Amino acid sequence: MARKTIRSIPQQRALMPVQEPEIRAKNFDEVALGFDVPNALLECERCLVCPQPACIEGCPVNIDIPGFITRMIKHDYQGAYDLLTDSTLLPAVCGRVCPQEDQCEGVCPVGAGGTLEPVAIGRLERWLGDRAIAEGWRKVSHIERQPFRVGIVGSGPAGMACAADLAKAGCKVTIFEALHEPGGVLRYGIPEFRLPNSVVDAEIGAIEALGVEIKCNTLVGRLFTIEQMLGEMGYDAVFIGTGAGSPRFMDLPGEGLNGVLSANELLTRCNLMRAGQFPAYDTPLGLGKRVAVIGAGNTAMDAMRVSLRLGAEEVHCIYRRTETECPARKEELHHAEEEGIEFHWLTNPVEILGDANGNVRTLRCVRMELGDPDASGRRSPVVVPGSEFDFEADTVVYAIGTSPNPILGQTSKLKLDKRGYIQCDDRLATSLAGVYAGGDIVTGAATVILAMGAGRKAAASIKRYLGIRDSGRVYAPEHAGLDGSIFGIDLAERNFTHVRLI
């Protein structure tokens, strides 16, 4: 194929329809409706098919993006999906929720000059994933069974990615999930208007088709320990991918009032426990007329937009920096603004005030201004003297970050860092032999695709620990003294033969 030039490609991105703001703010149906076939192919034509594609390096799991787009242009949609799923197990999920603007799309040369938008890689990935679900495509190769059992703690993106790679290598894999439905943060943390449960179900089904068993309502650390899994329960290795689901607060006066909650609680009760369908589901979640959400990340955007759909008349965003420093994806911020969320930039809460019955009634705040940069490189917010003010609120929601779940640390001998996250070496091995960890429980809150990448890296380490190659051939296991870099093993074991390495 002759290399294209920028002049030969469509100048503007293909249009993807969305629900109108005044309609979608009253329902939980998906906001973005996806490409149709003509627009998907039109967007494919914008790809330059670079000889040294930066987008592959920009993707945490190194998807061969020009490769699958080229197959789409040739109408080989199932071939494109097969190539895509060599690297990612959840294309319909990642196409919706990954921050492509900071990854593959962020280095796309089509958008490098600032005049044009980059190729909509995420929307094309979603289109392929959705078509595969609709038409029942599944790529399941022959699996040569191995005599090893591996336990996975947590059914989020890291756990599922690790489980799938180990199942493909022939291991008997069991996932233990504390909640009553699998999916982790994909299920409890992301609203259906961004990620429908039907999509999560379909992607989990593809992993179960590999022979992976999922046991819900099983809280590891309380019912049994990691040490018991490796001992009396007979597992040869364990992967921990429990995420970071413990909410943070600010220790402000009034945090004990009725009507103060975390975004984690709000989203879990709505997404997993169906509060949006009350009274059909017995999960009441009365927020009152006025909701204030502290924070401006993606979780904050989700909490605010959920509050609107649950009936709040006013929803306010309280953020101590400016819109420029807002960590949420631009698309999510734009959708929130369209739906009528009120943003209070350079504003910080200092106290929550209540009525005689202990219910939230007022949020007291101060104005901020930006000073010198802090350790993160962002300018530090500084209080403007004498700027204190109040506004009415019935509910205050904290969306300022999360911490690791402490259960595992309390019930095993795993070494943790000073913040409570699991300590791992560069192969994601923990302080316990045969136990590996990855995703948010190691790094802190990050993205779905980074968690998947960690799960796959841990799977490669576990295979090496057990002495398994993907082909089914067994070689000297790592703990018998074989050295070698995990990074050298990754490329071979992850079947990235199609990747054009730079």
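This tour goes through a predicted model, stopping at a parallel sheet, a helix packed on that sheet, an antiparallel strand pair and two cavities.

**The open sheet**

Begin by selecting the open sheet of 5 strands, whose order is 3-2-1-4-16 and whose pairing is parallel. Its edges are strand 3 (213-215) and strand 16 (435-437), each of which pairs on one side only. If you look along the sheet, note that neighbouring strands are turned by 20° against each other on average, with direction ignored.

Next, restrict the selection to residues 149-153 and residues 172-176, which are strand 1 and strand 2; these run parallel and are joined by 5 bridges. To place one of the pairings by eye, label Gly151 and then Thr174, its bridge partner in strand 2.

Now add residues 448-466, that is, helix 17, which packs on the sheet and touches strand 1, strand 4 (237-240) and strand 16. The direction of helix 17 makes about 165° with that of strand 4.

**The antiparallel pair**

Move on to strand 11 (residues 360-373) and strand 13, which pair in the antiparallel sense over 4 bridges. Show the side chains of strand 13 (residues 389-392), and an alternation should appear: Phe389 and Phe391 point to one face and are buried, whereas Asp390 and Glu392 point to the other face and are not buried. From Phe389, look across to Cys365, which stands opposite it.

**The cavities**

The last stops are in the interior, where the count comes to 2 cavities of 30 Å³ or more.

For the largest cavity, which holds about 110 Å³ of space, select Cys47, Cys50, Cys55, Cys108 and Pro109; of the 16 lining residues, these lie nearest its centre. Then colour helix 3 (54-58) and helix 4 (65-73), each of which supplies at least two residues of this lining, with helix 4 giving the most at 3 residues. What classes of residue make up the lining of the largest cavity? By class, its lining has 16 nonpolar residues, no polar ones and no charged ones.

Finish at the second largest cavity, with a volume of about 90 Å³. Among the residues that line this second cavity are Cys59, Cys94, Cys98 and Cys104, together with Gln100, Gln103, Glu125 and Ile449. Its lining divides into 9 nonpolar, 2 polar and 1 charged residues. Selecting Ile449 on its own is a useful last step, since this residue of the cavity lining can be viewed alongside helix 17, residues 448-466.

Methods: Residues are numbered from 1 along each chain as its sequence is written. This is a predicted model: local features need pLDDT of at least 70, side-chain atom pairs count only at pLDDT 80 or more; totals for chains, interfaces and linings use all residues. Side-chain values use heavy atoms; hydrogens and water are left out. Two strands pair if DSSP finds at least two bridges between them. Axes are lines fitted to C-alpha atoms, for helices over the stretch in contact, and angles run from 0 to 180 degrees between N-to-C directions. Contact means heavy atoms within 4.5 Å. Buried means under 20% relative accessible area, exposed over 50%, partly exposed in between (1.4 Å probe, protein chains only). On a 1 Å grid over the protein atoms alone, a cavity is a set of points where a 1.4 Å probe fits but cannot get out, and a pocket is an open set with protein on both sides within 12 Å along at least five of seven lines; lining residues have an atom within 4 Å of a point. Grid points are joined across faces, edges and corners, and a volume is the space filled by probe spheres set on the points. Ala, Val, Leu, Ile, Met, Phe, Trp, Tyr, Cys and Pro count as nonpolar, Asp, Glu, Lys and Arg as charged, and the others, Gly among them, as polar.
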